[in-house]
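Please look over the sequence and the structure shown here before reading on. The paragraphs after it go through the chain step by step.

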Amino acid sequence: MTGWYRLKRRVPCMERKVNEHLQGAMMQRSPPGAALRPAVEPVEVKTYLAPRSLDEATEALRSGAVTILAGGTDLMPQSKTGRARFHPTLMNIRRIPELRGISEEFGVVRIGALTTVTELMESALIRSRLNALWQACDHFASDQLRNAATIGGNICNASPAGDLLVPLLVFDSQVALASKPKGEITTRTMPLRDFFVAPGRTRRAPDELVTTIEVPLPDERFISAFFKFGTRPALDISAISIGLGATSADGMLTNVRVAFGAVAPTPIRAPQTEAALEGRPLAAVIEAALAAADAEISPISDIRASEWYRRELIRNILREMLDHVGQH
Ligand SMILES: Cc1cc2nc3c(=O)[nH]c(=O)nc-3n(C[C@H](O)[C@H](O)[C@H](O)COP(=O)(O)OP(=O)(O)OC[C@H]3O[C@@H](n4cnc5c(N)ncnc54)[C@H](O)[C@@H]3O)c2cc1C
């Protein structure tokens with residue numbers, strides 16, 4: 001009863017908020033007496049959809065000219081600055097049950113695209129077996145943001161600094177996309193590492209919806225960690241982030257996975273760094289691994305950090321993480 005009540009109250013409230021926000025984004029106040037005029041072109045949303053099934057959503061997406069809204073924590077601020085341009089149809093996907101939930105079957109964890117950062121943090125499975133992902137959630141913004149921000153939105157926003165992307169790369173995750181090109185739902189899956197093209201750009205076709213993130217469960221002995229550095233300890237976008245995963249035994253790492261955020265146009269895996277570390281006495285290869293990491297990143301200077309500072313952060317924090325893993 002409580003859940004039903006909350007749902008009934010929350011959905012119209014959210015739709016009202018979306019509409020109010022869109023009105024704000026569409027119109028900017030002109031000098032007194034002047035007519036309201038659009039702030040960003042083309043931004044006029046003519047149709048608002050809130051499908052209740054994957055079937056309805058993929059049908060609506062067939063035209064391709066649809067803006068997808070999940071938690072809205074990227075889309076809404078971006079619509080204000082003009083970075084996001086709405087299509088004539090705005091589709092709120094939050095009522096689609098097929099996009100929710102975390103489950104495990106045959107050694108694969110399936111995370112619905114609408115899973116929020118809070119829900120990831122509350123999952124015992126994520127905490128115990130995909131700990132770097134849990135740690136990234138623990139460093140993610142504030143409680144309010146975590147309650148709204150979804151994993152699908154983090155992936156589709158494709159920020160080089162997206163916090164969940166780095167651990168998801170470490171875990172060799174796959175992205176499942178659904179569309180309805182010929183009247184029936186078709187699904188394709190691709191490795192997350194191939195999904196990102198450039199800042200804000202992915203291989204998702206305009207008629208596709210990200211439905212699930214599939215994460216192969218690593219071996220029980222596999223350990224993983226995530227570290228994010230920002231100019232403030234909380235509520236900050238990463239200046240750099242590092243994800244590390246491996247099995248550690250006898251002073252050596254095997255099955256090594258290293259990923260970096262905010263040091264290239266997309267979040268990246270670092271195969272040369274991984275190769276330098278794989279299966280050799282850790283103490284002897286740390287310097288070679290740090291040199292490989294420096295060669296694999298291509299950071300820029302921006303308001304959050306200079307290129308030099310980002311390189312120093314990667315070098316020093318990766319060293320610290322490796323020292324820590326070596327003590328296991
Ligand atoms: C104050 C603040 C702090 C933040 N802090 C952090 C932080 O610490 N770490 C971090 O990584 N991010 C942070 N963000 C960014 C943002 O919260 C995340 O990227 C979040 O995960 C986006 O999810 P969402 O559901 O809100 O996406 P939305 O804003 O709804 O959508 C983002 C993009 O993805 C598309 N999209 C969403 N879902 C789907 C889907 N299933 N299929 C296809 N396309 C889809 C949308 O069309 C849009 O282009 C912050 C944002 C704000 C405003």
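What follows covers the confidence of the model, then a covered helix, a covered strand and the surroundings of the ligand.

The model is a predicted one. Over the protein chain the pLDDT averages 88, and 86% of the residues score at least 70. Residues 1-42 are the stretch to treat with caution, since pLDDT stays under 50 there. For these residues the model has 29 contacts beyond four places in sequence. Where pLDDT is low, the predicted coordinates should not be read in detail.

The protein chain has 13 helices and 16 strands. Of its 328 residues, 38% are buried. Contacts between residues at least 6 apart in sequence can be sorted by their separation: 63% of them join residues at least 24 apart.

Helix 6, residues 131-138, is a place to see burial in detail. Six of its eight residues are buried, so helix 6 is largely enclosed by the rest of the structure. The buried ones are Ala 132, Leu 133, Trp 134, Gln 135, Ala 136 and Cys 137. Which elements cover them? The cover includes three helices, namely helix 4 (117-122), helix 5 (124-129) and helix 9 (165-170), together with strand 13 (222-229) and strand 14 (240-249).

Strand 12 is also mostly covered, with six of its eight residues buried. Strand 7, residues 108-112, pairs with strand 12 in the antiparallel sense over five bridges. In that pairing, Val 109 has Val 215 of strand 12 as its bridge partner. Strand 8, residues 174-179, likewise runs antiparallel to strand 12 and is joined to it by five bridges. Here Leu 177 stands opposite Val 210 of strand 12.

Strand 12 (209-216) leads on to the ligand, because it is one of the elements that each supply at least two residues of the surrounding shell. The others are strand 4 (66-69), helix 3 (75-81), helix 7 (143-148) and helix 8 (151-157). Helix 8 gives the largest share, five residues. Which of the 28 residues around the ligand come nearest? They are Gly 71, Thr 73, Gly 153, Asn 154 and Cys 156.

By class, the shell around the ligand consists of 15 nonpolar, ten polar and three charged residues. Two domains contribute to the shell: domain 1 (2-92) and domain 2 (98-216) each provide at least three residues.

Technical notes. Residues are numbered from 1 along each chain as its sequence is written. This is a predicted model: local features need pLDDT of at least 70, side-chain atom pairs count only at pLDDT 80 or more; totals for chains, interfaces and linings use all residues. A residue is buried if 20 or more other C-beta atoms lie within 10 Å of its own, exposed if 12 or fewer, and partly exposed in between; C-beta atoms are placed from the backbone. Helices (H or I, at least four residues) and strands (E, at least two) are DSSP runs, numbered from the N terminus. Two residues are in contact if their C-beta atoms, placed from the backbone, lie within 7 Å. pLDDT is the predictor's confidence in each residue, from 0 to 100. A residue is near a molecule or strand if its C-beta atom, placed from the backbone, lies within 6 Å of it. Ala, Val, Leu, Ile, Met, Phe, Trp, Tyr, Cys and Pro count as nonpolar, Asp, Glu, Lys and Arg as charged, and the others, Gly among them, as polar. Domain bounds come from an automatic or database domain assignment. Two strands pair if DSSP finds at least two bridges between them.
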